[in-house]
Amino acid sequence: MVCVCGYDAPFVIFNLIITPFLGCSNECHDIFENALRQIDPSVTVPYWDSRLDQALEDPTESIIFSDEFLGNGNGEVTSGPFRNWKTVTGPLIRNIGDNGELFNQTALNRVLSKCRLSDISQPSIQTEFDFDAIHGGIHRWVGGNLNDINASSTDPLFFLHHSMTDYVFELFQQGAKRQGIDTETDWPENYGEEQGQAPYAKMGFGENLLNIHGRSDYYTRSVYLYEASPTCSFWDQSCNSPYLYCSLKTGQPRCVSKTRQDVFGRSQGQSSSCSNPRPRGIQNNFYCDGTSDIRQWAYIPVEIIHYRPPGKKMQSSFPKLFRDTDIYSPRAYSNLQSLARSDNPAMYNTCERGRQNVETIRIETTGINYDGTYVDLAIADSRLAISRSITYVGIKNPDRGMAEAYDYSLPIRVDVDFRSGSFRQCSGAIRVTSNYPKLYGYSYGESITSCWNLPNESGSCPSFSQEQVFVRFLCDFPYKLDMEQFRYCGKTVTRIAA
């Protein structure tokens, strides 16, 4: 347990220091590694090359999330070296594969094709070259603590991921030097309005370290070097590890992580596959305004109206109707033609389109006037022309202070007037107060019972009370890939800030 002492202080540093992301990463990790060496002088912080896992059909099956390495990735971490790990927000939690995307070679190649820091960093860079945003995809993919700004560095995986980020940045600097760039002095002229991002602003680690020092060659010249990521060839397919194999799937040899099934002959209870989807539940930490306490949360019902994805095909459906469509397709019926579109929506390439009949819709609330985040899922049948589902999401209990919700992901339509049945596109605030009529429940169970008229006698059918739902989403599949709403692997992801 003594290792925790060498972990607490760097956690505070990582969560409180606000400096340029690519300027201070190496110094932060140097401090962390030295703190660990106060206990064990032989310690070296490795890097997690998530490209090795991303190449799998289902990266959540990777051997990296097993007892041998990082422990389980579904919910509270109860296996591996970090089992029962306690953090400032409660137990260590992961929700791997729910959101985001791991590093992939295509995205990193775009970054490595550039040679100026201003080419890959905010505020003026194009999204596809924004290395900070690309690195953030891994935070979202792991989820749980790693995707919580208050607790990100309380998952030891934070340091392994950021070591990889620093490794990629070092490759970027080497490429820039080959183009004749003096990387030690290269800094964006437009670094934004925040003065803490200026090249000669203090980094936050003492009086003498400045942001520009983060680009010094001193680190890789005198402090550390990175071992190259594993490679293989047609002639040598070992990858130098029993946990990797050489994949020839793309015609170009590359090392890929083995799955838990490959190594152990079993899945260690975390199985999921794109061809046989099992929607994973989300484990929340119930962190709000500095403490983890379920009593601080209330729950509101959310309705999702879901259109069938464009291009959806039911290969085994019988009988085939007009235009070789299945009986569920809106294209088969003239009165439903308005739902049918010829184009396909933008989506990640994680899974092949059309293999799943279940859509997982992710709803996230993030505090505006409170510090907390809550995520839950709704399930939709993607065969149907149109369907609806209900889920219940957490917000700060209004009895402990007003809670506000703000919708900033388009195209989403919020039903602002149930009685008229009208929808309008909305980007304004949703305020939840303790005034009546009360449209929330103090517990998850109370939120359910407020929406459902449950009979006292057996044999009677429950009925749903539509008046209790004041937030609705319409999932209608945009064609442009937006940073805040996207589809991947059969999932529709929608963010709310609440």
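**Exercise 1.** In this predicted model, determine in which sense strand β11 and β15 pair, and over how many bridges.

*Solution.* Strand β11 covers residues 297-307. Its pairing with β15 is antiparallel and extends over 11 bridges. To place the register, take Y307: its bridge partner in β15 is I386.

**Exercise 2.** Give the strand order of the sheet that holds β11, and explain why one side of β15 and of β22 is left without a neighbour.

*Solution.* The sheet is open, has three strands, and reads β15-β11-β22. Its pairing is mixed. The edge positions belong to β15 (386-396) and β22 (471-475). Each of these two has a single partner strand, so one of its sides has no neighbour in the sheet. From one strand to the next, the twist averages 25°.

**Exercise 3.** Identify the strands that helix α9 lies across, and state its angle to β11.

*Solution.* Helix α9 spans residues 444-451. The helix lies across β11 and β15. Relative to β11, α9 runs at about 55°.

**Exercise 4.** Classify the mutual orientation of α4 and α6, then describe their contact by residue and by class.

*Solution.* Two packed helices are described by the angle and the distance between their axes. Here the helices are α4 (residues 105-112) and α6 (residues 157-178), whose axes come within 9 Å and cross at roughly 40°. An angle of this size is neither under 35 degrees nor in the 65 to 115 range, and α4 and α6 are therefore oblique to each other. On the α4 side the contact is made by L108, V111 and L112; α6 contributes V168, L171 and F172. By class, this contact has six nonpolar residues, no polar and no charged ones.

Key:
Residues are numbered from 1 along each chain as its sequence is written. This is a predicted model: local features need pLDDT of at least 70, side-chain atom pairs count only at pLDDT 80 or more; totals for chains, interfaces and linings use all residues. Side-chain values use heavy atoms; hydrogens and water are left out. Axes are lines fitted to C-alpha atoms, for helices over the stretch in contact, and angles run from 0 to 180 degrees between N-to-C directions. Helices (H or I, at least four residues) and strands (E, at least two) are DSSP runs, numbered from the N terminus. Angles under 35 degrees count as roughly parallel, over 145 as roughly antiparallel, 65 to 115 as roughly perpendicular and the rest as oblique. Contact means heavy atoms within 4.5 Å. Ala, Val, Leu, Ile, Met, Phe, Trp, Tyr, Cys and Pro count as nonpolar, Asp, Glu, Lys and Arg as charged, and the others, Gly among them, as polar. Two strands pair if DSSP finds at least two bridges between them.
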